[in-house]
Amino acid sequence: SIVYALQGPFPFEIHQTRELIVIRYEYFDQVRLVFMDGREAGEDYPLSKMGFSTGHWEGDELVIETSHIAPSTITNNGLDHSENLRMVERYRIDPEDGRLVATQWFSDPVMLENNGVRWIEWEKREGQHVYPYECDPSFALEYAAECGRTQLGREKVVPRRPRGHHL
């Protein structure tokens, strides 16, 4: 879901109009719409990985509130969320170094006893763009064989070095 996708090392692009912000994530070729015109999701709005997002400006900060997120993972290590998850993000440009800085706050009364929060920063890389996400599922089998197994018979999880956060 969008909760997990934001923390990954994949780039994204932001395209903005007055009424709509479109965020294109390289991670699984996902596209997110942030409605800036005050609309609300109807009662029958479907759940999805990106959910339903509305945004508004508070000074120089973009505030995005998201609901209708399909049940998925928060951290990819067993901490999941339900369809009751609500997320609020706040984005701003750091005036000192130009990085995009975000806080991601989320609550889920079904799965979490407390609220969760993340701090994320990205740097803009001129001339870069989002590439197609070409995921080969056989890579997971090769990776597991390469990394070996632990004494408990479980696969070791050895993360690759991320390419770095960038827009």
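**Exercise A: a cross-strand partner**

Find the residue in E2 that stands opposite phenylalanine 12, then work out how E1 and E2 are connected.

*Solution.* Phenylalanine 12 sits across from tyrosine 25 in E2. Strands here are DSSP runs of E with at least two residues, helices are runs of H or I with at least four, and both are numbered from the N terminus. Before going on, note that this is a predicted model: local features need pLDDT of at least 70, side-chain atom pairs count only at pLDDT 80 or more, and totals for chains, interfaces and linings use all residues. Residues are numbered from 1 along each chain as its sequence is written, and side-chain values use heavy atoms, with hydrogens and water left out.

Next, the pairing. Two strands count as paired if DSSP finds at least two bridges between them. E1 and E2 have 5 bridges and run antiparallel. Histidine 15 gives another partner to look up: valine 22 in E2. The link is a hairpin, with 3 residues between the two strands.

**Exercise B: following the chain onward**

Go from E2 to E3 and say which residue in the hairpin between them takes a positive phi.

*Solution.* Start with the pairing: E2 and E3 (residues 30-35) are antiparallel, over 6 bridges. Tyrosine 25 turns up here too, now with glutamine 30 in E3 as its bridge partner. The hairpin has 4 residues between the strands, and phenylalanine 28 is the one with a positive phi, near 55 degrees. As background, most residues other than glycine have a negative phi.

Now check the side chains along E2. Ile21, Ile23 and Tyr25 point to one face and are buried, while Leu20, Val22 and Arg24 point to the other and are not. Buried means under 20% relative accessible area, exposed over 50%, and partly exposed in between (1.4 Å probe, protein chains only). That's the textbook pattern: in a regular strand the side chains alternate between the two faces of the sheet.

**Exercise C: assembling the sheet**

Put the strands of the open sheet in order and name the edge strands.

*Solution.* The order is E1-E2-E3-E4-E5-E8-E9-E10, which makes 8 strands with mixed pairing. E1 and E10 (116-122) are the edges, each pairing on one side only. Neighbours are turned by 20 degrees against each other on average, direction ignored; the axes are lines fitted to C-alpha atoms (for helices over the stretch in contact), and angles run from 0 to 180 degrees between N-to-C directions.

Then fill in some partners:

- E4 (residues 52-58) and E5 are antiparallel, joined by 7 bridges, and threonine 54 has glutamate 65 as its partner.
- E5 and E8 are antiparallel over 5 bridges, with isoleucine 64 opposite glutamate 89.
- E8 and E9 (residues 100-107) are antiparallel with 8 bridges, and arginine 86 stands opposite serine 107.
- E8 and E9 also form a hairpin with 6 residues between them, where glycine 98 has a positive phi of about 75 degrees.

**Exercise D: the second largest pocket**

Decide which strand gives the most to the lining of the second largest pocket.

*Solution.* On a 1 Å grid over the protein atoms alone, a cavity is a set of points where a 1.4 Å probe fits but cannot get out; a pocket is an open set with protein on both sides within 12 Å along at least five of seven lines, and lining residues have an atom within 4 Å of a point. Its volume is about 180 Å³, taken as the space filled by probe spheres set on the points, which are joined across faces, edges and corners.

E1, E2, E5 and E8 each supply at least two lining residues, and E8 comes out on top with 3. Among the lining residues are Ile14, Ile21, Ile23, Trp57 and Tyr91. By class, the lining splits into 9 nonpolar, 1 polar and 2 charged. Here Ala, Val, Leu, Ile, Met, Phe, Trp, Tyr, Cys and Pro are nonpolar, Asp, Glu, Lys and Arg are charged, and the others, Gly among them, are polar.

**Exercise E: two histidines**

Are histidine 81 and histidine 68 buried or exposed?

*Solution.* Histidine 81, in E7 (residues 80-81), is buried because its relative accessible area is 3%. It touches residues including Ser1, Ile69, Pro71 and Met111, where a contact means heavy atoms within 4.5 Å. Histidine 68 lies in the loop between E5 and E6 (72-73). Histidine 68 is buried as well, at 17%, and it has a positive phi of about 60 degrees although it is not a glycine.

Definitions and conventions. Lists of a residue's contacts leave out its neighbours within four places in sequence.
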